[in-house]
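Me: I have just opened this one and don't know my way around yet. Could you walk me through it, a piece at a time?

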Amino acid sequence: MVAIPRLVIAAPASGCGKTTVACGLMAALRARGLAVSGHKVGPDYIDPGYHALATGRPPRNLDPFLCGEDLIAPLFLHGAAGAQVAVVEGVMGLFDGADLAQGGLGGWVPPGSGGSGGSPPRADTGFGSTAHVARLLGAPVVLVVDAARAGRSVAALVAGFAGFDPRTHLDGVILNRVASDRHERLLREALTETGLPVYGAIRRTEPIATPSRHLGLIPAAEREVTAAAAIDRMGALIAGSCDLDALLALARRAPAVTGRPWEPPATPDATRPAPVVAVAVGPAFTFGYTEQTELLEAAGSRVARFDPLRDENLPAGTAGLILGGGFPEMHAAALSANERLRGRVAALARRGAPVAAECAGLLYLARTLDERPMCGVLDVRATMTPKLTLGYRHAVAVTDSVLARTGDVVRGHEFHRTMTVPTQDARGDRPAWRFGSGELEGHVTGTGSGIASYLHTHWAGYPAAAARFTAACGVAADVTS
């Protein structure tokens, strides 16, 4: 059992201000000299980028669907190691979870059988919700309530949330967008009837600059200077509006977390030098889970990062390539203009080196993206569309690849507004996955050395991927040495 003070910042719905409160609280506590660990419920990549700015630590996600319930506390303990307090930002409304009836539950694979481990999700519409993760962590929950257009009715809303699910204990409230002293007094008086403490009242102010676009907030990595300034403003706002001492006291009342911290399984091949795995980063490739790199390194890879917008060459000695998610559509002109790197990527793939691409990586490997030339590894053309594709996916591998064997089961999610169509001269790559709906998705190239898909996965839920990819990179390095 490990004692880590912790809080979950939740809200009745999206748009109530929980990201501002969570990031501001992280920054304010860090400004007090505390080591703060930031965590995000769910699969979102963007909010954790702001957490990293606020805390100075790698961002962490906690997603029961992607990783299994049994890994939530261990992943939390791993991510919060060395921290004096942890702040967990919720997702959507407190009780909003995955619609498992639409997720395709068939084919759950138990631990040790090659697929996603942990206990199978139960038929619970709150599965994966903020409340669910708070229960798994035994963490106090503070509800951020947008009070801009309400008075005493706020108390009814809070009372409803407090009594909705007896398994979830609500520990207090932070009021957001309060208009005046009188408004604050009215709200506090009404909330006394709920018996819940009010930990802060944030006045209605000019919005802190956190611009959005078609998939949510613009990632912090695309606006580092202005994002850092926004975090500073959030920290000052929360420090001036909330009772930090009381919030810390609440966090310290959380019971010790049972279990042991997660550790990536160490499976290096001592007979081979560590293969170099190039991982794309930078403004166009901002989507990735911290544990992926940790798993690759534990498996024996040497991870080398590069920025496809700026670097003209792959890292020296590259034996394998990982292209994660992000927003290449916003940087298509610059990616296309880096013709030298595009040629290097295409040559690497033609040699049969292991290549794994998710979403943005799929677009980068396409023949074109919005009519601009890309790497041409895949015989598809990619375009932006008005349609948002979003949701969890249950997937079964239908082709052997550098990430999975045929029949392996994984859980992932899609999050994009693009589509791909085959070119007229397409060679007909084999599909990578079959979703629970029956849809075939993704591309496996060559003899399985390349895989590209819209499916985002969290490798902590499928650690065999890192070992399999590293082993393939080791073989590729031997061939080219």
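Me: Let's start inside. How much space lies in the largest cavity?

Reply: This is a predicted model, and in it the largest cavity holds about 50 Å³ of space. Eleven residues line that cavity, and those closest to its centre are G326, E329, C359, F415 and H416.

Me: And how many cavities of 30 Å³ or more does a search of the whole structure find?

Reply: The search finds one cavity of 30 Å³ or more.

Me: Which strand gives the most to the lining of that largest cavity, and what kinds of residue are in the lining?

Reply: Strand β17, residues 409-422, gives the most, with four residues. Taken by type, the lining of the largest cavity divides into six nonpolar, three polar and two charged residues.

Me: OK, pockets now. What volume does the second largest pocket have?

Reply: The second largest pocket has a volume of about 1000 Å³. It is lined by 46 residues, of which F285, T286, F287, G288 and Y289 are the closest to its centre.

Me: Which elements give two or more residues to that lining?

Reply: They are the helices α2 (46-55) and α11 (290-298), together with the strands β3 (60-62), β10 (276-280), β12 (318-323), β13 (355-358) and β21 (450-453). The biggest share comes from α2, which gives five residues to the lining of the second largest pocket. By type, that lining divides into 28 nonpolar, 13 polar and five charged residues.

Me: You mentioned β3. What order do the strands take in the seven-stranded open sheet?

Reply: The order is β3-β2-β4-β1-β5-β6-β7, and the pairing in this open sheet is parallel. At its edges stand β3 and β7 (198-203), and since each has a single partner strand, one side of each is left without a neighbour in the sheet. From one strand to the next, the twist averages 25°.

Me: What does α2 touch there?

Reply: Helix α2 packs on this sheet, where it touches β2 (36-41), β3 and β4 (85-89), and its direction makes about 170° with that of β2.

Me: Is β1 mostly covered or mostly open?

Reply: Strand β1, residues 6-10, is mostly covered, with five of its five residues buried. R6, V8 and A10 point one way from the strand while L7 and I9 point the other way, and all of these are buried.

Me: How many bridges does β1 make with β4, and how many with β5?

Reply: With β4, strand β1 pairs in the parallel sense over four bridges, and I9 stands opposite E89 there. With β5, residues 141-146, β1 is joined by three bridges, again running parallel, and in that strand I9 stands opposite V142.

Me: And over at β7, which residue is the bridge partner of V178?

Reply: The partner of V178 in β7 is R203. Strands β6 and β7 run parallel and are joined by four bridges.

Me: What about T168, where is it?

Reply: T168 sits in the loop between α7 (153-164) and β6 (170-178). Its relative accessible area is 6%, under the 20% cut-off, so T168 counts as buried. Leaving out residues up to four places away in sequence, T168 touches F95, A131, R135 and A162.

Me: Then V154, in helix α7: is that residue buried or exposed?

Reply: V154 lies in helix α7 and counts as buried, because its relative accessibility of 4% is under the 20% cut-off. Apart from neighbours within four places in sequence, V154 is in contact with V145, A147, L175, L187 and L191. The C-alpha atoms of V154 and L440 are separated by 47 Å, the two residues being 286 residues apart along the chain.

Me: Last topic, the six-stranded open sheet. What is its strand order, and which strands are at the edges?

Reply: The order is β11-β10-β12-β13-β21-β20, with mixed pairing. The edge strands are β11 (302-306) and β20 (443-445), each of which pairs on one side only. Here the twist averages 15° from one strand to the next.

Me: How do β20 and β21 run, and what packs on this sheet?

Reply: Strands β20 and β21 run antiparallel and are joined by three bridges, with H443 standing opposite A452 in β21. Helix α11 packs on the sheet and touches β10, β11 and β12, its direction making about 140° with that of β11.

Key. Residues are numbered from 1 along each chain as its sequence is written. This is a predicted model: local features need pLDDT of at least 70, side-chain atom pairs count only at pLDDT 80 or more; totals for chains, interfaces and linings use all residues. Side-chain values use heavy atoms; hydrogens and water are left out. Buried means under 20% relative accessible area, exposed over 50%, partly exposed in between (1.4 Å probe, protein chains only). Contact means heavy atoms within 4.5 Å. On a 1 Å grid over the protein atoms alone, a cavity is a set of points where a 1.4 Å probe fits but cannot get out, and a pocket is an open set with protein on both sides within 12 Å along at least five of seven lines; lining residues have an atom within 4 Å of a point. Grid points are joined across faces, edges and corners, and a volume is the space filled by probe spheres set on the points. Ala, Val, Leu, Ile, Met, Phe, Trp, Tyr, Cys and Pro count as nonpolar, Asp, Glu, Lys and Arg as charged, and the others, Gly among them, as polar. Two strands pair if DSSP finds at least two bridges between them. Axes are lines fitted to C-alpha atoms, for helices over the stretch in contact, and angles run from 0 to 180 degrees between N-to-C directions.
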